[in-house]
Amino acid sequence: MVEPLPNPLLRVDNLVRRFGGITATDNLSMEVVPGELHAIIGPNGAGKTTLISQLTGQVMPNSGTIRFAGRDVTNLPSYKRSRLGLARSFQITSLLKDFSAIDNVALAAQAHDGHSFRFWGNARKERHLRESARAALERVGLGRRADIVVSQLSHGEQRELELAVALATRPQLLLLDEPMAGLGVTESARMVALLKELRKEVTIVLVEHDMEAVFALADRITVLVYGRVIACDVPDAIRKHEEVKRAYLGEQHAVTRHG
Amino acid sequence: MTGKLNVSNAVAALMCAALMLLPLYSAVTGNIFILTLFTRIVIFALAAASLNLIMGYGGMMSFGHAAYLGIGGYAVGILAAEGIGSGFIQWPVALAVSALFALLIGALSLRTRGVYFIMITLAFAQMAYYIASALSRYGGDDGLTVYKRSDFAGLINLSDRNQFYYLCLACLFGGLYLIWRIVNSRFGLVVQGVRSNEQRMQAIGFHANRYRLVCFVISGTICGLAGALLANNTDFVSPAVMYWTRSGDLMVMVILGGMGSLFGPVIGAIVYLLLEELLSQFTEYSGLILGPVLLLIVLFARGGIMGLLGRMRRG
C-alpha cells in the first residue's frame with residue numbers, strides 16, 4: 001500500500017493553523033487510503049494533536065482543505081463530521097465521568113440512531129442501544145465492567161472505554177490520539193492486540209509515541225516536525241530515513257523504542 | 001427514583017404523603033395558616049423543580065428563573081384585567097409566553113458559558129422586571145390585583161382553599177413526573193451528557209446547544225405554570241416576583257435540597273420557606289441565620305439535603 005489510491009478516504013491539502021506566533025500546522029498535506037493503518041509520529045510539539053483536532057473539527061484551520069469520503073468537511077462542526085463516520089479518541093481521556101461505562105457507549109450509539117428529541121421512554125431500556133453498547137464493550141474487553149461509573153475505572157480501562165465509545169459510532173475512519181498514553185506494559189500489549197483486530201475492519205489514523213507499537217501496526221507512517229510533513233512512507237523506509245533519524249530520534253538512537 | 005428502598009427515597013415518599021394529607025390536618029386542627037403557607041411552598045417547589053431541570057441535570061446556572069414566575073403571573077393578571085377570566089385561555093397563554101421568552105433568552109444566552117451565562121440570564125430577568133414596572137396600564141411598580149381567580153367552567157373552584165391546594169399539588173406531582181420521564185429519556189441523557197462533557201458529546205455526534213435550548217424552554221414553561229398558580233394564590237402580581245433576589249431564592253432552594261435530585265428542590269423549598277417563616281417570627285434579619293445555614297450546606301453537603309440523606313444509607 002505504498003502508492004496512494006485515486007480515492008483516498010481522507011485527503012488534507014495545504015492545511016495551516018497558527019496559534020499566535022506559532023505555526024502548529026504548516027502547509028500540511030496528507031492522504032489516508034481506505035483500509036490502511038496510518039500512523040503519525042513526531043517529537044513533542046510537532047502538532048499531532050492539533051492536526052487530529054482539525055480533522056475532527058474541534059479546531060478550525062486558518063487555511064487549507066480537509067476532504068473526507070469525497071466531501072469537503074473543512075467547515076463542518078464536529079458533530080456533523082461524527083455523523084459522516086469520523087470518530088476520535090482523545091489523548092487526555094475525555095469521557096462522561098459521572099456516567100457508567102455502558103452509558104458512555106450507549107450514548108455514542110444513540111447519537112447515530114436518529115435524533116434524540118425523545119422525551120418519554122426510558123433510554124436505558126432501549127434494547128438495541130444497550131446491546132450494541134455491550135458488544136462494543138466486549139470488543140475492548142470491558143464487558144464485565146459495564147455498570148461501573150467511569151471515575152471508578154482504572155486509567156487503562158478508561159483508555160479502552162475511549163475506544164469502545166469511538167467504535168460505537170460505527171466509524172469509517174478512526175482517529176486515535178495516543179491510545180497507549182500512560183498505559184503499563186501489559187495494558188499496552190493488550191491495546192496493540194486490540195488494534196491489530198480493529199484494523200481489519202476500519203481505517204485507522206494512529207498518533208502514538210510508543211515506537212514499538214507504531215512499527216508493529218502501521219502500514220504507512222507520516223513524520224511530523226514543527227507542523228510539517230518531513231516523510232511519509234512504509235515503516236521500513238521510515239526506519240532508514242536520514243532526515244527522520246536526525247530530526248526526531250537523535251542521531252545516536254536507533255529507531256526501535258522511544259518513550 | 002430507582003425503586004430502591006433507601007433513606008432518600010423513603011423521605012421523598014413520606015414528604016409526598018404528608019403533602020397529600022395536609023388539608024386534612026388543617027381541617028381537623030382548624031389551622032388555616034398552615035394550608036396557606038404550604039400552598040405557597042408547593043408552588044415554589046414546582047418553580048424550583050423546573051430550575052433543577054436545567055441547573056441540576058443540564059448544568060445551566062440560570063440566575064433569572066424568577067422571570068417566568070412573573071411572566072406566567074402577568075399573563076393571568078393581564079388577561080383577567082382585560083376581562084378574559086377563563087383559565088382555559090389564561091393558562092395556555094401563560095405557558096406559551098413563558099416558552100417564547102425562554103426560547104429568546106436561551107437562544108442568546110446559551111452561546112455563553114459559566115459566569116457569562118449567569119450574568120446574561122440575570123440581565124434578561126432584570127429587563128423583564130423593568131418592563132413590568134413600566135406597564136402603567138397594569139399597575140406598574142405597584143403591581144396588579146387579580147380580582148377573580150382563573151375560571152375553569154365549574155370543573156374546579158380555585159377560590160376554594162382545599163381545591164386550590166390540591167390543584168397546586170397535582171401540578172407539582174405532574175411536573176415532577178414529567179421531569180423524571182425527561183431525565184431518563186434519550187433527550188435527558190443527552191442533556192446530562194452535555195453537562196458532564198460537552199466536547200465529548202459533540203465528538204460523538206450531538207449538536208449540544210440544540211438539546212440545551214429545548215431543555216431551557218421546557219424548564220421555563222414549567223416555571224411559567226408555577227407563575228400562573230402564584231398569581232392565583234396571592235390574587236396579585238407585581239414586578240417584585242421577578243426581582244433577582246427571587247431568582248436567588250429559587251437557586252438556594254435547589255442547592256439546599258440537592259441539585260440533580262428529583263425531590264431535592266421540593267425538600268429545599270419546604271426547608272427554605274419554613275425557615276424563613278419561622279425566623280421571621282423572631283427576627284427581622286432572617287438572612288443572618290439562613291445565610292450561614294446555606295454556607296454550611298454548600299461547604300459540607302455538596303448534594304444538599306438529599307445528598308446527606310443518600311449518604312446515611314451507607315453509614
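Biologist: Which residue in the turn of the β9(A)–β10(A) hairpin has a positive phi?

Modeller: Bear in mind that this is a predicted model. β9(A) and β10(A) are joined antiparallel by five bridges, and A:V225 sits opposite A:R228 of β10(A). That leaves two residues between the strands, and the one in the turn with a positive phi, about 45 degrees, is A:Y226.

Biologist: Staying with that pair, which residue of β10(A) is the bridge partner of A:T222?

Modeller: A:T222 is in strand β9 of chain A, residues 220-225. On the β3(A) side, A:T222 is the bridge partner of A:I40, and those two strands pair in the parallel sense over four bridges. On the β10(A) side, the partner of A:T222 is A:C232.

Biologist: How many of the residues of β9(A) are buried?

Modeller: In a regular strand, side chains alternate between the two faces of the sheet. Here A:R220, A:T222 and A:L224 point one way, while A:I221, A:V223 and A:V225 point the other way, and all are buried. β9(A) is therefore largely enclosed by the rest of the structure, and the count of buried residues is six of the six.

Biologist: And the whole sheet: which strands of chain A are at its edges?

Modeller: The sheet is open, with six strands in the order β6-β7-β8-β3-β9-β10 and mixed pairing. From one strand to the next, the twist averages 15 degrees. The edge strands pair on one side only, and they are β6 (86-89) and β10 (228-233) of chain A.

Biologist: At about what angle does helix α1 of chain A run to β7(A)?

Modeller: That helix covers residues 48-56 and lies across β3, β6, β7, β8 and β9 of chain A. β7 is the strand at 173-177, and the helix runs to it at about 150 degrees.

Biologist: What radius of gyration does chain A have, and why does it agree with a compact globule?

Modeller: Chain A has nine helices and ten strands, and its C-alpha atoms fill a box of roughly 60 × 40 × 35 Å along the principal axes. Buried residues make up 42% of its 259 residues. A compact globule with 259 residues would come out near 18 Å, which agrees because chain A has 18 Å.

Biologist: Now chain B: what share of its contacts between residues at least 6 apart in sequence join residues at least 24 apart?

Modeller: Chain B has 13 helices and two strands. Its radius of gyration is 19 Å, close to the 20 Å from the globule rule for 315 residues, so chain B is as compact as a globular protein of that length. Half the story is burial, with 50% of the 315 residues counted as buried. The other half is the share you asked for, which is 77%.

Biologist: Where does the kink in helix α1 of chain B lie?

Modeller: α1(B) spans residues 7-29 and contains the proline B:P23. Several of its residues are buried, including B:L19 and B:L22, and the helix is followed by B:G30, with a positive phi near 70 degrees. The kink is about 45 degrees and comes shortly before that proline, at B:L21.

Biologist: Last one: on the side of chain A that touches chain B, how many residues are charged?

Modeller: The contact takes 29 residues from chain A and 21 residues from chain B. On the chain A side, α2 (78-84) and α3 (101-111) each supply at least two residues. That side divides into twelve nonpolar and eleven polar residues, with the charged ones numbering six.

Conventions. Residues numbered from 1 in each chain as written. Chains lettered and ligands numbered in written order. Predicted model: local features only at pLDDT ≥ 70, side-chain atom pairs only at ≥ 80, totals over all residues. Contact = placed C-beta atoms within 7 Å. Nonpolar A, V, L, I, M, F, W, Y, C, P; charged D, E, K, R; others polar. Bend = angle between axes of the 7 residues up to and from the residue. Buried ≥ 20, exposed ≤ 12 C-beta atoms within 10 Å, placed from the backbone. Rg over C-alpha atoms; globule rule 2.2 N^0.38 Å. Pairing = 2+ DSSP bridges. Axes fitted to C-alpha atoms, helices over the stretch in contact; angles between N-to-C directions.
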